[in-house]
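Q: Could we go through this model together? I would like to begin with the contact between the chains and then turn to single residues.

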Amino acid sequence: MLTIKNLKASVEDKEILRGLNLDVKAGEVHAIMGPNGSGKSTLGNVLSGKEGYDDLDGEVEFLGEDLFELAAEDRAKKGLFLGFQYPVEIPGVPMVNFLKASVNEHRKFKGLEPLSASEFLKLMREKKEMLHLDSQLTNRSVNEGFSGGEKKKNEIFQMAMLEPKLAILDETDSGLDIDALKIVADGVNALKNPERSTIVITHYQRLLEYIVPDFVHVLYQGQIVKSGGKELALELEEKGYDWIKKETV
Amino acid sequence: MTQLIAKDIALNERYTSLFYENKEALEKGSSPILNRMREIAIKRFEKDGIPGFKNENYKYTNLQPIFEKKYQHIFEYKRVEVDLNDVFRCDVPQLDTYVVLLVNGWYYARNRELTELPDGVVVGGLQQVANEHPELVQDYLNRQAALSDDPMVALNTAFAKDGFFMFVPDNVHLEKPIQVINLMRAEESIFATQRNLLVAGKNSQFKVVFCDHTLTQGEFLSNNVTEVFVERDAVVDLYTVQNQNNQANSVNASFFKQEENSNLLTSTATLHGGLIRNNVKITLDGEYSHADVYGMSFTDKKQHVDNYTNIEHAKANCTSNQVYKNVLDEDSVGAFAGRIHVVRDAQKTAAFQRNNNVLLTDSAKMNTKPQLIIDADDVKCSHGATIGQIDEEALFYIRTRGINEADARLMLMNAFAHEVIQEIRVEPLRDRIDELVDKRLRGELARCHSCDMN
């Protein structure tokens, strides 16, 4: 699904990612944990095609293609989804129009006819029911005036609508109360299947009680310094990141 | 410097001599109501002349270069050899309007008769109505414009012979909007002077849509004045769509006087055109009156659009709300200057103003200048202006959902304009303008009608 070899990226002469390696196979759930400033969000952004990073180096292969050759929108259409840590508010763009444009771009890419208005609304209704979302969000402008929890639920809703092959969820748990966290986690679990992979980027172990990872990686100073099973997350929760920092030094 | 002044004098003299040389032609066929103002007005014009950068109110727009060009002036109605009713089709499918055509500032002689107008409603050409029903005109014409210190308004008063006239009597609600199509059409460069007068009687309601178009590619210069009187309890909507060729320059002054408890909404969308200056003066002259003033422009190439507003809160308990938005591409230049004046004792005034601008290139330029003059103490006033670029974070967010960069930009620009568009109170017109703006932003809009008269 995704193979990252020696990935490097800088921002204004500061090296953020310093040779990161990761291999994600179809159906797997990977958790990437790490202290603040270790490069977690940069990893999500670089994979999704955000511009503005310098000295981009290394190899990233996604479904057999060189990811760096693809624009952000093409990565999305090939099945890569980024759930934002801070979803952007876009006043004046109704959520419904935004999602419809998005879904139909994905369909066009797959050679399918665009959905009619009624087909689209039906699909939206199904996904909302699946995720137990209230229907108000789609009547508003994209993320505008949404609470932190609503924004994160909206990310999961978009993921459900677009059915990506690989979802990267960047700190989707931050700022969520336990009920919202459960809705988000249930959403991720509901979409889980052997063809679909997930990378959960998180600071805390809490989310991993609900989304059980197959692998846990610790990102520190732009590299994956430790990998293990789900028990590694528990160990981190108990000992904190200082233990890793010492070990790395 | 002396050379510059000499040049200014020469330019102004050209227009004053033009007036005196054609005084007879100007007066011929015109009502005394128009004629008696002419000479006073040309003297008023002579005092300041065509505004250049030295005129504080025109500091962002120098009108002199466009007035220096040679134009043909038309002092009487010229017959149009084709039937414009057949040629012009405004293709707004659900927009059921009464359509009125004007050509080069003159009321088109073969306008279809407007049947079904409620009793007492008068729609016609200013020249004809002033001659046939002077009682409808004399108490209104120039009552606002004469107070203006703008030399361009005086120049209009000196030269104006015709334009759009509308009178809606007390208590009459006109359901269907009136659509006034201003067509510019000539083989050579022409100068047009259009004078419009609209009167909304007590507790009356009407909606007017002005569409400014060019049917030919020539150079045009229009110097227009519109006076609108909104009597007590009346509700008036005035929408303007400016979509002319890029050699068409215009100076448009609109005056609105509002009486007690009246409600005005005016919204201007500028799509294509050359140099455009829009002056809007609103006098809230009766308590509890309200004005919404909206404007948006989408410019590229060498377009120059300058919106100048002046909201006068002359009585207590009035509210006004202004939102102006501009999207500037390529080498275009925009300006917004908005003045709010709250006079002494106009207590409990609430006046708001906002101007937001997006620059799409490094060479596009925007000037913005809010001005609040508040002579009362119990008021709520605010203003804000922003000049920015497309939000890169939002752009990335949209692209990660599979929408390409060009479409994502369009989505954001449409959203930016949407705040102004959504305030249009005629639904089919709102949808239509939404569509026009989208086309304009895509660079696909040349004309907004299916008229093929080029």
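A: The answers below take up the interface, then selected residues and salt bridges.

Q: Before that, what kind of model is it, and how are things numbered?
A: This is a predicted model, in which local features need pLDDT of at least 70 and side-chain atom pairs count only at pLDDT 80 or more, while totals for chains, interfaces and linings use all residues; pLDDT is the predictor's confidence in each residue, from 0 to 100. Residues are numbered from 1 along each chain as its sequence is written, chains are lettered from A and ligands numbered from 1 in the order in which they are written, and side-chain values use heavy atoms, with hydrogens and water left out.

Q: What is the mean pLDDT of chain A?
A: The mean pLDDT of chain A is 91, and 99% of its residues reach 70 or more. Among the elements of chain A, helix 2 (residues 72-77) has the highest mean, 97, and helix 8 (residues 242-248) the lowest, 79. Helices (H or I, at least four residues) and strands (E, at least two) are DSSP runs, numbered from the N terminus.

Q: Now the interface. How many residues does each chain put into the contact?
A: Chain A contributes 30 residues and chain B 18 residues, where contact means heavy atoms within 4.5 Å.

Q: And how much area do they bury?
A: About 1900 Å² is buried between chain B and chain A, 64% of it on carbon and sulfur atoms. Buried area here is the accessible area (1.4 Å probe) that two parts lose on being put together, summed over both. In chain B, the residues that lose the most area to chain A are Phe396(B), Tyr397(B) and Arg401(B), together 40% of what that side buries.

Q: How many salt bridges cross the interface?
A: The rule finds four salt bridges across the interface of chain B and chain A, a salt bridge being a side-chain nitrogen of Lys or Arg within 4 Å of a carboxyl oxygen of Asp or Glu. Arg401(B) forms a salt bridge with Glu155(A), with the closest N and O atoms 2.7 Å apart. A network of salt bridges links Glu51(A), Glu73(A), Arg399(B), Glu405(B) and Arg409(B).

Q: Which helices of chain B supply residues to that side?
A: Helix 9 (392-399) and helix 10 (405-421) of chain B each supply at least two residues of the side that touches chain A.

Q: Helix 9 of chain B, then: which of its residues are buried?
A: Ala394(B), Leu395(B), Phe396(B), Tyr397(B), Ile398(B) and Arg399(B) are buried, that is, six of the eight residues of the helix. Buried means under 20% relative accessible area, exposed over 50%, and partly exposed in between (1.4 Å probe, protein chains only). At the start of this helix, a side-chain oxygen of Asp391(B) reaches to within 3.0 Å of the backbone nitrogen of Glu393(B).

Q: Changing topic: where is Arg195(B)?
A: Arg195(B) is found in strand 7 (residues 190-200) of chain B, and it counts as buried at 1% relative accessibility. Leaving out residues up to four places away in sequence, Arg195(B) touches a set of residues including Leu126(B), Asp162(B), Phe164(B) and Glu227(B).

Q: What about backbone oddities, say the phi of Glu171(A)?
A: Glu171(A) has a positive phi of about 45 degrees although it is not a glycine. Glu171(A) sits in the loop between strand 9 (166-170) and helix 6 (178-190) of chain A and counts as buried at 9% relative accessibility. Lys348(B) also has a positive phi, near 55 degrees, but Lys348(B) is exposed, with a relative accessible area of 51%.

Q: Back to charges. How many salt bridges does the structure hold over all chains?
A: The structure holds 42 salt bridges over all chains. Among them is the one between Lys127(A) and Glu163(A), at 2.8 Å from N to O. Lys127(A) lies in helix 4 (residues 117-131) of chain A and Glu163(A) in the loop between helix 5 (148-162) and strand 9, so the pair ties together parts that are 36 residues apart in sequence. Lys127(A) is buried at 8% relative accessibility, whereas Glu163(A) is partly exposed, at 42% relative accessible area.

Q: And how far apart are Asp74(A) and Lys77(A) in helix 2 of chain A?
A: Asp74(A) and Lys77(A) are three residues apart, so about one helical turn separates them. Their side chains meet in a salt bridge of 3.7 Å, N to O.

Methods:
Polar contact = N/O pair within 3.5 Å; in protein donor to acceptor, adjacent residues only side chain to side chain.
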